[in-house]
Amino acid sequence: MTSLLSRRWPTLLLLAACAGLAAPALAAPPRAVVIALAVAAAAAALTVAQGVPRLAFVALLLGCTGLVWGGLRMDALERSVLRERLGEVASARVVVTSPARRVGDSLRMFGDVERFGADRVRERVLVVLPKGRSPPRGAVLEVVRARPKAPRGPETGFDERAWLERRGVHVVLNAGDARVVGRRGGIGGVADRLRAHVERSLARGARGERLALLRGIVLGDDGGLSASLRDDFRASGLAHLTAVSGQNVAIVALGLSWLAWLLAVGRLGTQLVAIAGIAGYALAVGWEPSVARATVAGAVACVAVLASRRTDGWHAMALGALMLLAWRPPTVLDPGFQLSFAAVAAILVTVPRLDARAHGYPRALQPLIWMGVAVACSVATAPIVWLHFGYIAIWTVPANVAAEPAMPLVLGLALGGALVEPVLPWATTTLSWLAGEAAAWIAGCASAFAGLPHAEAHSPAVLGVVAAIVVVATGVARLPPYRRAAVVLAVAVTAAAALSFVVVTSSPASWSAPSGLRVTVLDVGQGDAVLLEVDRGAVLVDQGSPEADVAGQLRRRGLRALSALVLTHPQRDHIGGAESVIRSLSVDRVLDPGLSAPSPDRRRALAAARERGVGVLVARAGDVFRVGRLVLRVLWPASSDRPGDDPNDHAIVVLASFGSFDVLLTADAESNVTSRLPLHAVDALKVAHHGSEDPGLPSLLRVLRPAVAVISAGRENEYGHPRPETVAALEAVPGLRLLRTDLDGEVLIETDGSSVTVSSRRHRRGRPRRRALGCTRGRRRAPAGIPDRGERPAEGRNCRPAAPSALRVRVDRARSRPGGDRRGRRRPVQRGQPLRRPQAGSRRRRRRAPERGGAAAGGVERRGRRGDRRVPGVAGARHGARADRERDPARRPARQGLRQGG
């Protein structure tokens with residue numbers, strides 16, 4: 001102990017001060033008591049002789065001083081002028097201080113408010129802008145209508161309030177119309193120009209996903225990565241590579257030092273160049289906890305070299321923590337702070353011992369040292385990752401060993417290109433292209449290891465395994481050398497046997513085919529995604545925005561194939577995730593309305609379909625598709641749109657039928673469209689356009705009379721969806737129960753064709769939360785002019801209540817007339833039986849789409865417009881389909897080709 005104190009006493013004193021600074025973020029003791037204790041410690045330190053007691057009193061004095069300073073900083077960070085003006089609308093001037101990230105249909109970034117209304121304010125906020133062009137970092141925005149609001153709490157599944165408070169933010173500023181009126185100056189302006197220069201150099205030779213990955217690795221901005229690739233980095237344990245850390249700073253410092261050595265610069269010049277490079281890189285990236293710690297450590301190391309002193313990693317780490325906590329004590333609760341310091345501590349403990357053991361061995365064993373360091377960092381950070389994120393990446397060690405050698409190449413080539421860009425632009429293009437290739441290797445490693453079985457473990461038992469590894473490693477290290485080999489062999493054999501048992505007895509998530517029809521309205525925020533599943537396959541109608549990660553949601557359900565993918569209309573909140581779904585799953589067919597509205601999301605989705613050989617069919621009213629007993633009838637659009645038309649008015653409207661159960665999926669087509677369609681009473685309705693205001697909805701509901709209505713909308717979205725008028729119209733329907741994804745999460749409707757079970761749940765809340773739905777519906781008859789499907793039996797308003805867990809709603813189709821009159825009763829659809837409409841003088845034809853294999857692929861059966869006219873929703877009138885073709889002869893060649901494709 002005495003030896004440790006004599007060697008490490010400066011580090012121990014710094015750690016005592018850090019503990020005092022961090023304490024107010026956890027619990028704030030009375031300040032008067034702390035000051036009194038500090039005075040007593042100072043007096044004792046002055047009177048006690050040299051030695052351990054005096055060192056203890058000095059540490060206590062520094063801890064108390066840190067407590068007082070930390071409390072003052074916490075008071076300063078807690079002050080908020082805008083928190084007293086929540087809900088007030090006024091103009092504002094905001095300086096953007098971080099890159100903008102697209103979240104749903106909005107842009108989010110941190111900013112400093114300089115003026116709110118007529119008052120001058122200096123406060124950090126989270127700025128929310130409507131989707132559009134992202135303002136650059138450092139831009140000065142003039143906001144016409146700014147409204148402060150309180151952050152969301154943990155009741156929404158994510159504690160936004162606590163996350164923002166750790167960053168000194170207490171208010172979310174909703175900004176309406178904003179325009180850029182200038183750029184900030186000073187040191188912040190220098191940092192903005194440095195970052196913009198690096199981004200321009202990266203864009204010279206990289207495009208698309210590679211450019212987004214380079215921005216993540218070099219600048220720590222992973223906002224451009226697709227949701228699937230971000231999940232791969234997380235599952236493989238390589239997520240730290242897309243967040244700038246001490247590794248990046250060390251590579252920058254070593255690279256500049258090596259370059260200065262090549263140019264024969266002296267020791268002083270070399271270290272000054274390294275310090276300048278570290279400072280410039282930190283300015284361009286931002287003052288994140290890991291960057292700040294590494295910057296301080298790098299500067300301390302350079303100064304130690306100039307002073308011809310030995311570098312102490314522990315002392316540099318403690319000094320970095322002191323600077324961070326002195327500025328913002330709540331940083332101690334940030335996962336990035338905890339992970340960064342835990343990983344560095346593991347490296348400082350492991351590397352000297354591994355170097356000592358490897359002394360005298362050939363350099364070919366260097367990968368084993370890397371693996372040892374990776375194991376140490378994984379063990380040290382595993383409890384923190386599980387505590388904050390609820391998972392542990394199993395394959396993180398081999399993934400890091402495979403991907404880490406590419407990191408120096410990526411950073412060296414990318415930053416080297418930025419360095420020579422002013423004088424050699426062509427060289428910058430080549431270097432950034434090479435950096436993109438090296439980044440592609442890292443992405444390939446992430447995808448490969450994320451695809452291995454059991455890539456992520458969510459059980460707390462994994463922490464027990466990590467603890468067992470630490471205990472075993474410590475015990476083996478203390479054994480006599482002649483016994484270590486046998487013990488290590490025994491442990492390895494036992495671990496391999498246990499791992500084999502786990503792999504054999506458990507399997508990854510597999511798709512569970514329903515016995516009937518399972519309709520899932522996925523919780524995708526402000527967007528739409530509806531999954532229809534039967535025993536023969538699955539159909540996905542809309543795919544939400546890219547941020548919703550619908551492809552990941554389907555993979556977690558075990559789905560690996562889709563019989564059809566429906567792109568209702570080219571808007572981001574409906575088809576933004578289509579490209580990822582097509583690339584991640586096996587898709588048999590893609591149904592597209594063929595609209596002329598420009599959409600990069602639709603263009604990418606169709607390009608992915610062409611690359612994977614997926615057929616794309618243009619859907620028109622009257623088309624019929626089948627997957628097992630599930631029948632999909634396209635009710636709209638009847639024709640193509642014209643340039644300038646609203647895509648919502650030409651979205652695909654689908655009526656899905658299974659036995660006696662019908663669900664109407666309207667996408668964003670409101671009553672101005674659906675009121676003209678041949679509709680009848682349905683059992684379930686997906687409300688159009690996320691519950692926006694629709695004046696014709698009450699009259700439409702009198703025709704549909706659904707028992708269940710679902711609104712897909714984002715929590716606290718910027719559009720105010722669902723509108724109160726829409727909710728009131730739905731709640732006015734007798735016997736209807738309304739569910740909303742913004743309140744109820746994912747909505748699940750299950751039916752065997754005669755009875756219905758409805759439930760809702762939030763994935764982040766654990767167990768499904770089921771809601772009982774009323775079963776009170778009277779007799780319903782289709783309105784005049786609409787093909788009658790027959791009456792529904794009167795359920796009465798005094799039916800027995802359902803079980804608390806779920807309600808079964810009887811929707812049996814009975815004969816509508818006494819004595820067994822079959823008129824008006826819909827003919828049941830049998831498996832394998834084609835849907836036909838008999839026409840005089842014409843031969844019956846049957847078209848079948850080719851079937852593909854797969855766990856969930858059932859093939860899609862297509863009938864064109866020759867459906868049974870007694871089956872509602874196909875044509876509506878005897879000669880409707882033929883009349884449409886005669887009125888629009890330009891469509892006949894397209895329809896002929898479409899039938900051939902079916």
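**Entry: Asp662**

I began at Asp662, which lies in strand S21, residues 661-665. The model is predicted, and I kept that in mind throughout. Is Asp662 buried or exposed? I find Asp662 buried, because its relative accessible area is 0% and the cut-off for buried is under 20%. Next I looked for a partner of its side chain. The side chain of Asp662 makes a polar contact with the side chain of Ser657, at 2.7 Å.

**Entry: strand S18 and its hairpin**

I moved to strand S18, residues 624-627. In a regular strand, side chains alternate between the two faces of the sheet. So I checked each face of S18 for burial, and both are covered. On one side I find Val624 and Arg626, and on the other Phe625 and Val627. These four residues are all buried.

Which strand pairs with S18, and in what sense? The partner is strand S19, residues 630-636, and the pairing is antiparallel over 4 bridges. I traced one position across the pair: Val624 stands opposite Arg633 in S19. Then I looked at the turn. The hairpin of S18 and S19 has 2 residues between the strands. In this hairpin Gly628 takes a positive phi, near 60 degrees.

**Entry: Val351**

I looked up Val351 and found it in helix H12, residues 335-358. Val351 has 26% relative accessibility, so I list it as partly exposed. That value falls between the cut-offs of 20% for buried and 50% for exposed. I also took its distance to Ile369. The two residues are 18 apart in sequence, and their C-alpha atoms are 7.9 Å apart in space.

**Entry: second largest pocket**

I turned to empty space. Rolling a probe the size of a water molecule over the atoms shows where such space is left. The second largest pocket holds about 670 Å³. I count 23 lining residues for this pocket, and the closest to its centre are Val252, Leu256, Leu415, Gly416 and Leu419. Five helices each give two or more residues to the lining: H5 (186-205), H6 (208-219), H8 (246-262), H9 (267-285) and H15 (406-420).

Which element gives the most to this lining? H15 does, with 7 residues. I sorted the lining of the second largest pocket by residue type and got 17 nonpolar, 6 polar and no charged.

**Entry: cavities**

How many cavities of 30 Å³ or more does a search of the whole structure find? I note 10. The largest cavity has about 100 Å³ of space. It is lined by 16 residues, and nearest its centre lie Val687, Ala688, Asp694, Leu697 and Leu700. I looked for elements that give two or more residues to this lining and found helix H23 (671-674), strand S22 (684-686) and helix H24 (697-704). H24 gives the most, with 3 residues.

I sorted this lining by type as well. The largest cavity has 8 nonpolar, 5 polar and 3 charged residues in its lining. I set that beside the second largest pocket, where the lining has no charged residues.

**Entry: whole chain**

Last, I took the totals. The chain has 28 helices and 28 strands. It runs to 902 residues, and 49% of them count as buried. I also looked at contacts between residues at least 6 apart in sequence. Of these, 69% join residues at least 24 apart.

Notes
Residues are numbered from 1 along each chain as its sequence is written. This is a predicted model: local features need pLDDT of at least 70, side-chain atom pairs count only at pLDDT 80 or more; totals for chains, interfaces and linings use all residues. Side-chain values use heavy atoms; hydrogens and water are left out. On a 1 Å grid over the protein atoms alone, a cavity is a set of points where a 1.4 Å probe fits but cannot get out, and a pocket is an open set with protein on both sides within 12 Å along at least five of seven lines; lining residues have an atom within 4 Å of a point. Grid points are joined across faces, edges and corners, and a volume is the space filled by probe spheres set on the points. Ala, Val, Leu, Ile, Met, Phe, Trp, Tyr, Cys and Pro count as nonpolar, Asp, Glu, Lys and Arg as charged, and the others, Gly among them, as polar. Buried means under 20% relative accessible area, exposed over 50%, partly exposed in between (1.4 Å probe, protein chains only). Two strands pair if DSSP finds at least two bridges between them. A polar contact is a pair of N or O atoms within 3.5 Å; within protein, one must be able to donate a hydrogen and the other to accept it, and residues adjacent in sequence count only if both atoms are side-chain atoms. Contact means heavy atoms within 4.5 Å.
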